[in-house]
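Let's take a stroll through a protein model and see what its surface, sheets and side chains have to show. Have the 3D view open so you can find each spot as we go.

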Amino acid sequence: MCLLKKRITCLKKLNMKKIIWITLVLISTSLFAQEKFDYMDVFQLEWISDPQISPDGQKIIYTRNYNDVMTDQTYSNLWIVNFDGTDNRPLTAGNHNDFSPRWSPDGKRVLYKSNKDKSVQLYMRWLDNGAETKLTNTQMSIGNIIWSPDGKLIAFDSFVEESTPSSVSLPSPPEGAKWAATPKYINEIYYRYDGAGYMKEGHSQLFLLSVDGGTPYQLTTGKFNHEGDFCWAPDSRFILVSANRHENYEFDPANYEIYDVNIQDKSITPLTSRQGPDFNPAVSPDGKLIAYVGFDD
């Protein structure tokens with residue numbers, strides 16, 4: 001306590017709120033120094049992630065994560081709080097995972113992912129009355145999700161499985177026969193990772209979805225990956241994506257470019273041509289300039 005009093009005396013020039021906060025931190029630190037962390041304490045821990053500020057800057061939606069002692073699983077729900085820390089309350093509840101909240105451009109709705117219906121799907125929630133609807137009912141994975149600036153469309157990336165026919169045609173076993181498993185035919189450079197085993201054959205593509213729901217519309221095609229690193233143009237007519245669409249790209253894996261994707265005719269135009277990775281595109285508010293990061297390889 002003597003040490004604690006000395007520390008508080010040194011903080012007299014700070015305002016009272018800061019003194020109280022620092023005092024609580026010091027007290028909790030001294031308690032942890034005396035107490036032993038027990039195995040079961042992990043179920044008392046909670047943490048937040050992915051905070052999203054509303055378009056008007058007045059509220060924050062975040063993901064609140066916790067561990068459930070009855071199922072030995074980690075779950076998450078969405079919470080909302082005013083920017084000054086007041087009125088902190090839940091938006092969703094239940095022993096499942098709600099995550100990746102994204103504000104609509106007008107700040108009236110929030111889009112998020114959830115596995116409350118067994119598989120991860122997209123959900124829309126209206127903040128004025130709490131109404132909610134399920135937007136997707138798909139078997140595909142859902143990656144990064146981004147609203148269009150006009151609030152009419154949602155872009156996301158998803159892995160699309162493909163299959164390459166084998167170069168060898170094998171006979172079929174007789175009925176009731178027990179033959180060895182069919183051999184794998186692999187024609188990819190990257191086909192297996194340590195700890196993950198054989199990778200599924202396919203590529204990540206961009207999809208569009210109406211805010212009213214329905215069937216997602218595949219925007220990109222080809223044996224190239226378009227995953228996660230994309231943004232909308234201010235006019236909601238184009239999507240900028242970082243991808244390696246060069247011929248024999250597997251032999252030059254770092255040579256990513258920024259591409260302009262027209263959502264109407266699906267035409268793709270390269271905007272960069274450097275030898276090296278170009279990532280994280282961002283468009284200026286007037287749509288005239290693009291910023292991105294990268295280096296000469």
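In this predicted model, the largest pocket has a volume of about 660 Å³. It is lined by 24 residues, and Glu-188, Tyr-190, Met-199, Lys-200 and Gly-202 are the closest to its centre. Which strand gives the most to this lining? That's strand S13 (residues 202–210), with three residues. Sort the lining of the largest pocket by class and you get eleven nonpolar, seven polar and six charged residues.

How do people find such spaces in the first place? Rolling a probe the size of a water molecule over the atoms shows where empty space is left.

The second largest pocket comes in at about 200 Å³. Its lining includes Thr-164, Asn-187, Glu-188 and His-203, plus the run from His-246 to Phe-251. Here the classes come out as three nonpolar, five polar and four charged residues. Glu-188 is worth a second look: it is among the residues closest to the centre of the largest pocket, and it also lines the second largest one.

Phe-224 and Tyr-249 are part of the second pocket's lining too, and that brings us to aromatic pairs. How many of them does a search of the whole structure find? The search turns up six. Two of them are set out here:

| Aromatic pair | Centre to centre | Angle between the planes | Kind |
|---|---|---|---|
| Tyr-66 and Tyr-75 | 6.0 Å | 50° | tilted |
| Phe-224 and Tyr-249 | 5.7 Å | 55° | tilted |

Are the rings of the Tyr-66 pair buried or exposed? Tyr-66 counts as buried at 16% relative accessibility, and Tyr-75 is buried as well, at 11%. In the other pair, Phe-224 has 18% and counts as buried, while Tyr-249 is buried with 16%. Phe-224 sits in the loop between strand S14 (217–218) and S15, and Tyr-249 in the loop between strand S16 (238–243) and S17, so this pair ties together parts that are 25 residues apart in sequence.

Those loops lead to an open sheet of four strands, in the order S15-S16-S17-S18, with antiparallel pairing. Strand S15 (230–232) and strand S18 (268–270) are at the edges with a single partner strand each, so one side of each has no neighbour in the sheet. On average, neighbouring strands here are turned by 25° against each other, direction ignored. Zoom in on S17 (residues 257–262) and S18: three bridges join these antiparallel strands, and Asp-260 has Thr-269 in S18 as its bridge partner.

Back at Tyr-66, there is another open sheet to see. Its four strands follow the order S1-S2-S3-S4, again with antiparallel pairing. S1 and strand S4 (89–90) are the edge strands, each pairing on one side only. Six bridges join S1 to strand S2 (residues 59–68), and Tyr-66 in S2 is the bridge partner of Glu-46.

Finally, a word on backbone angles. Most residues other than glycine have a negative phi. Asp-50, though not a glycine, has a positive phi of about 55°. You'll find Asp-50 in strand S1 (residues 46–53), partly exposed at 26% relative accessibility. Lys-266 has a positive phi too, about 65°. Lys-266 lies in the loop between S17 and S18 and is partly exposed, with a relative accessible area of 34%.

Notes
Residues are numbered from 1 along each chain as its sequence is written. This is a predicted model: local features need pLDDT of at least 70, side-chain atom pairs count only at pLDDT 80 or more; totals for chains, interfaces and linings use all residues. Side-chain values use heavy atoms; hydrogens and water are left out. Two strands pair if DSSP finds at least two bridges between them. Helices (H or I, at least four residues) and strands (E, at least two) are DSSP runs, numbered from the N terminus. Axes are lines fitted to C-alpha atoms, for helices over the stretch in contact, and angles run from 0 to 180 degrees between N-to-C directions. On a 1 Å grid over the protein atoms alone, a cavity is a set of points where a 1.4 Å probe fits but cannot get out, and a pocket is an open set with protein on both sides within 12 Å along at least five of seven lines; lining residues have an atom within 4 Å of a point. Grid points are joined across faces, edges and corners, and a volume is the space filled by probe spheres set on the points. Ala, Val, Leu, Ile, Met, Phe, Trp, Tyr, Cys and Pro count as nonpolar, Asp, Glu, Lys and Arg as charged, and the others, Gly among them, as polar. Buried means under 20% relative accessible area, exposed over 50%, partly exposed in between (1.4 Å probe, protein chains only). Rings of Phe, Tyr and Trp (its six-membered ring) pair if their centres lie within 6.5 Å; planes under 30 degrees apart count as stacked, over 60 as edge-to-face and the rest as tilted.
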